[in-house]
Amino acid sequence: MVKLIITDMDGTLLNSKNEINNEFWEIQEKLAKDGVIFSVASGRPYYNLVEKFKTLIDSMLFICENGAYVVFQGKEIYSNVIKREDIFFLLNICKNIEGIVPILCGKDSAYVERKSYFDEKYDFKPEINKYYNKLQIVENFEEVEDEFLKIAICDSLIAEKNSYNYFKNYEDRFQVVLSGKVWMDLGKIDTSKGLAIRMTQKNLGISYDETMAFGDYLNDYSMMKEAKYSYAMKNAHPQLKEVANFITEKDNDNNGVVETIKQYFPNLK
């Protein structure tokens, strides 16, 4: 029986308008009463996810920053921080890439340099503010004191076609993952949603056979391998559909995650 359900956010649990279907809240409450742990696994920071699920902090599991930070019932159970020298090695490469803004993601906050954030040629602000509700604008990243979880790159020229080409040769040293059309994340080589799930399963005594997972993009690839009931969304990237054990009948705009959960747990209907 499934004891842990994990879902990605954008393109998966959220519809194209960045909304959660109203039916989710009732289903989640029933799952919790049955002892099933519900988790979101996202490239988003913890404080952004908490804002979305503020009424469920005491029961939910949060896998944040593409697996670099895991919080359960308000307490950190796992983190995978990057060395400061590695952060600035990657940031130095960013200086040569047109059309991007790097966001330094720490445990306490996210940080962006003023000159990048207020770039006159590209309007990054609406896209960045969608995910980073706790954002400090700094003059220089050198002044930031925090534990770093990843660098998020917002790429106006499409991440897969632009910024990824500058980092793909470093995939043997760092986690380089496309997390959306205009987003790419850089982290520790051993950071992934998949590893975070394995650490969580070990911590909570939950097995592969007792895990269900949903995703839509390439940063969900490792997650699919850690759950017997791994579902790529109907609207998922083709490569994710290849590795998932199942594909949802409905997409994210038609409540695909909740509808699939209801099929597995008929008593929830």
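User: How far apart are the mean positions of the positive and negative charges of the protein?
Analyst: Keep in mind that this is a predicted model. The protein carries 34 positive and 42 negative charges. Take the mean position of each set, and the gap between the two comes out at 3 Å.

User: What radius of gyration does the protein have, and why does that fit a compact globule?
Analyst: Start from the chain length, which is 269 residues. A compact globule with that many residues would come in near 18 Å, so the protein agrees with the rule. Along its principal axes, the C-alpha trace spans about 55 × 35 × 35 Å. As for the radius of gyration itself, the protein has 18 Å.

User: What share of the residues counts as buried?
Analyst: Buried here means under 20% relative accessible area. The accessible surface of the whole protein is about 12200 Å², and carbon and sulfur atoms hold 45% of it. Of the 269 residues, the buried share is 56%.

User: Which residues of helix α4 are buried, and why do they sit on the same side?
Analyst: Helix α4 covers residues 84-94. Its buried residues take up an arc of only 155° around the axis, so they end up on the same side of α4. By name, they are Ile87, Leu90, Leu91, Ile93 and Cys94.

User: Which strands are among the elements covering the buried residues of α4?
Analyst: The protein has 11 helices and 14 strands to pick from. One helix in the cover is α7 (164-167). The strands include β6 (100-106), β9 (148-155), β10 (174-180) and β11 (183-188).

Definitions and conventions
Residues are numbered from 1 along each chain as its sequence is written. This is a predicted model: local features need pLDDT of at least 70, side-chain atom pairs count only at pLDDT 80 or more; totals for chains, interfaces and linings use all residues. Side-chain values use heavy atoms; hydrogens and water are left out. Helices (H or I, at least four residues) and strands (E, at least two) are DSSP runs, numbered from the N terminus. The radius of gyration is taken over C-alpha atoms; the globule rule is 2.2 Å times the number of residues to the power 0.38. Buried means under 20% relative accessible area, exposed over 50%, partly exposed in between (1.4 Å probe, protein chains only). Accessible areas come from the Shrake-Rupley method with a 1.4 Å probe; for residues, only the protein chains shown count as cover. Lys and Arg count as positive and Asp and Glu as negative; His and the chain ends are not counted. The place of a charge is taken as NZ of Lys, CZ of Arg, CG of Asp or CD of Glu. The arc is that of the directions from the helix axis to the C-beta atoms. Contact means heavy atoms within 4.5 Å.
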